Amino acid sequence: MRAIQITELSGPDSALAVVDIPEPEPSHMLTPGQGVVVDVRAAGVSFPEVLQTRGEYQLKPPLPFVPGSEVGGIVRSAPPDADVQPGDRVAAFCALGGFAEVAVAPAFMSFKLPEELDFAQGAALVLNYHTAWFALRMRGRLTEGETVLVHGAAGGVGTASLQVARGLGARTIAVVSTDEKEQVAREAGADEVVRSDGPWKDQARDLSEGGVDVVLDPVGGDRFTDSLRSLRENGRVVVVGFTGGSIPEVRVNRLLLGNTEVVGAGWGAYVMGRPEVTRQIGSEVMRLVDQGFVRPIVGARFPFDRASEALRMIDERGATGKVVLEVS
Ligand SMILES: NC(=O)c1ccc[n+]([C@@H]2O[C@H](COP(=O)([O-])OP(=O)(O)OC[C@H]3O[C@@H](n4cnc5c(N)ncnc54)[C@H](OP(=O)(O)O)[C@@H]3O)[C@@H](O)[C@H]2O)c1
């Protein structure tokens, strides 16, 4: 099969090679001896693959390896007790190996792809939407009627979080850096949009009449203190990522003074050993698809052999919604 490997740790421009390698066995590292084999139509591209081309991601397989954490495709084979069966359209999280014509995912991370969504949207469904649900609902305890501020709101996690928050009955304030990203955040259903280079903290406090209930933060960096200041009493900042480059530090007296919280949300680490949690999140996300709240926004589609351009787009802050590789 054709696949893309990371062959050296030299960054998006030079780390990738298109190769011909044997198809994988029906076995996944999380479920040894078992797995759902998928004929891949589209592969999702995300920040971790950019980091992997530099050896900067926590998952560091020996070189060369096939990156790609999630796919949309058609099931070729599956364990008899899996929720998907041969011939089904599927959205699957494979962790690695997605940039290939054939990939393997654990059964508990494989979901029937609803009619309403195409394969590219299937490749955008698990990582970002499960993270959004986990971060907003399970870690951030977001409830109906609350207000949530979403940083990096035009990105993959950002657009997913806007849609999931809406599905939970919350009001959303999106923070973005450009006009184009403002459009994307509105398309994703943001109630309000403010600019990251403007007085967003004061705007958020005004728009929420005194402070937001939850800040969802995939960006980090120097805006973190203002995120804390934008909260109302009992508010929560949910830490999801650090695309801004630096890891913020908190002076904890701020939490005492404001009666606020900082909460970590590491989806992968939490759910990998808890299949029942993944099933629960999966059914909540599918309910939001059925209700029309969840419609992954695919911002750019690249042919298979132009994967390095896809990675560069993310690296250079140019991505909106989900970036996808068209595999076949
Ligand atoms: N905790 C978890 O379980 C979990 C799960 C999935 C992903 N993540 C992490 O969440 C983060 C976001 O992922 P994503 O897929 O949403 O990424 P993305 O689509 O590239 O969006 C990231 C956003 O970050 C903002 N940003 C600010 N400074 C940036 C910079 N210097 N370079 C790049 N972007 C910058 C950009 O928005 P503006 O230009 O509008 O500021 C951009 O739209 C990543 O760090 C990822 O690893 C964490």
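This report covers the ligand site, a set of parallel strands and some backbone details of a predicted model.

## Basis of the model

Residues are numbered from 1 along each chain as its sequence is written, and side-chain values use heavy atoms, with hydrogens and water left out. Because the model is predicted, local features need pLDDT of at least 70 and side-chain atom pairs count only at pLDDT 80 or more, while totals for chains, interfaces and linings use all residues.

## The ligand and its shell

The ligand has 23 residues around it. A residue is near a molecule or strand if one of its heavy atoms lies within 4 Å of it. Val157, Ser177, Lys181, Ala265 and Trp267 come nearest. By class, the shell holds 11 nonpolar, 9 polar and 3 charged residues. Here Ala, Val, Leu, Ile, Met, Phe, Trp, Tyr, Cys and Pro count as nonpolar; Asp, Glu, Lys and Arg count as charged; the others, Gly among them, count as polar.

Polar contacts reach oxygen atoms of the ligand. Such a contact is a pair of N or O atoms within 3.5 Å; within protein, one must be able to donate a hydrogen and the other to accept it, and residues adjacent in sequence count only if both atoms are side-chain atoms. Ser177 places a polar side-chain atom 2.6 Å from a ligand oxygen. Trp267 uses a backbone N or O atom, at 2.7 Å from an oxygen of the ligand. Arg317 has a polar side-chain atom 2.9 Å from a ligand oxygen. On its own the ligand has 910 Å² of accessible area, and the protein covers 88% of it. Accessible areas come from the Shrake-Rupley method with a 1.4 Å probe; for residues, only the protein chains shown count as cover. Helix H3 (126-139) and helix H4 (156-167) are the elements that give two or more residues to the shell. Helices (H or I, at least four residues) and strands (E, at least two) are DSSP runs, numbered from the N terminus.

## Parallel strands

Strand E11 (residues 212-217) is largely enclosed by the rest of the structure, because 6 of its 6 residues are buried. Buried means under 20% relative accessible area, exposed over 50%, and partly exposed in between (1.4 Å probe, protein chains only).

Strands pair if DSSP finds at least two bridges between them. E11 runs parallel to strand E8 (residues 147-150), joined by 3 bridges. Val150 stands opposite Leu216 of E11. E11 also runs parallel to strand E12 (residues 231-239), with 5 bridges. Val212 has Leu231 in E12 as its bridge partner. E12 in turn pairs in the parallel sense with strand E13 (residues 261-264) over 4 bridges. There, Arg236 has Glu261 in E13 as its bridge partner.

E11, helix H7 (residues 224-229) and E12 form a right-handed β-α-β unit. Right-handed means that, with the strands pointing away from the viewer, the path from the first strand over the helix to the second runs clockwise.

## Backbone details

Arg317, one of the ligand contacts, lies in the loop between helix H11 (307-315) and strand E15 (322-326). Its phi is positive, about 70 degrees, although Arg317 is not a glycine. Arg317 counts as exposed, at 54% relative accessibility. Asn259 also has a positive phi, near 50 degrees. Asn259 sits in the loop between helix H8 (253-258) and E13. At 44% relative accessibility, Asn259 is partly exposed.

A cis peptide bond joins Leu63 and Pro64, with omega about -15 degrees. Pro64 is in the loop between helix H1 (47-52) and strand E4 (70-77).
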